[in-house]
Amino acid sequence: MTVHEAGIGKYYEDFVIGDVYQHPFGRTINEADNTWFTLLTLNTNQNHFNADFAARAPYGKIIVNSGLTVAMVLGLSVIDMSQTALLNLGWTDIKLTHPVFVGDTLYSESIVLDKRESKSRPYAGILTCKTRGLNQDGDEVVSWTRSVMIYKKGAQNDKGYFPVAKTGEMTLPEASA
């Protein structure tokens, strides 16, 4: 029997400059997502939560809070780009290039721009990537460049966290005769 330790994601050594990752999940934004995010962040711009008010604006309907758009596209990229990260180091050049509306489905893709070993943490490296979000029609809605510190494969910090069952290892049931 083989036990596969809990874990997903790529390590510093797995990244190659120029590689593009089309992240596997899409996410449809619903009205509750947008309203709750807008309320949680105390954004009082009525274009995000007042349909009557937003109907008078150029797009004629509620526009999804841009902070939610950034957060969602970032979240969609984590599985490939920063599942094994220990620190986000920064975002630059954030561009919101197309409005997002309730009912839109967002997708995310990233390209590796650069990587280097960390000078202060020998168990990690620094990855720089450009990420963009696309809606269901292929319109680019947001993009940015991000630097993130990623564990190397040999780092112990993200391993061995799964608890040991007090009842022992899982085993196949015994065959009845």
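Modeller: A quick term to start: two strands pair if DSSP finds at least two bridges between them, where strands (E, at least two residues) are DSSP runs numbered from the N terminus. This is a predicted model, in which local features need pLDDT of at least 70, side-chain atom pairs count only at pLDDT 80 or more, and totals for chains, interfaces and linings use all residues. Residues are numbered from 1 along each chain as its sequence is written, and side-chain values use heavy atoms, with hydrogens and water left out.

Colleague: Thanks! Which residue in the turn between strand 5 and strand 6 has a positive phi?

Modeller: Strand 5 and strand 6 (residues 140-151) run antiparallel, joined by 11 bridges. They form a hairpin with four residues between them. The turn residue with a positive phi, about 90°, is G138.

Colleague: And on the other side, which residue in strand 5 does L106 stand opposite?

Modeller: Strand 4 (residues 105-117) is antiparallel to strand 5, with 11 bridges joining them. A hairpin of six residues links the two. Opposite L106 in strand 5 stands N135.

Colleague: How many of the 12 residues of strand 5 are buried?

Modeller: Buried means under 20% relative accessible area, exposed over 50%, and partly exposed in between (1.4 Å probe, protein chains only). Strand 5 covers residues 124-135 and is largely enclosed by the rest of the structure, because the number buried is 10.

Colleague: Lovely. With which side chain does the side chain of D14 make a polar contact?

Modeller: D14 lies in the segment before strand 1 (20-22). Leaving aside neighbours within four places in sequence, D14 is in contact (heavy atoms within 4.5 Å) with Y21 and K153. A polar contact is a pair of N or O atoms within 3.5 Å; within protein, one must be able to donate a hydrogen and the other to accept it, and residues adjacent in sequence count only if both atoms are side-chain atoms. At 3.0 Å, the partner of D14 is K153.
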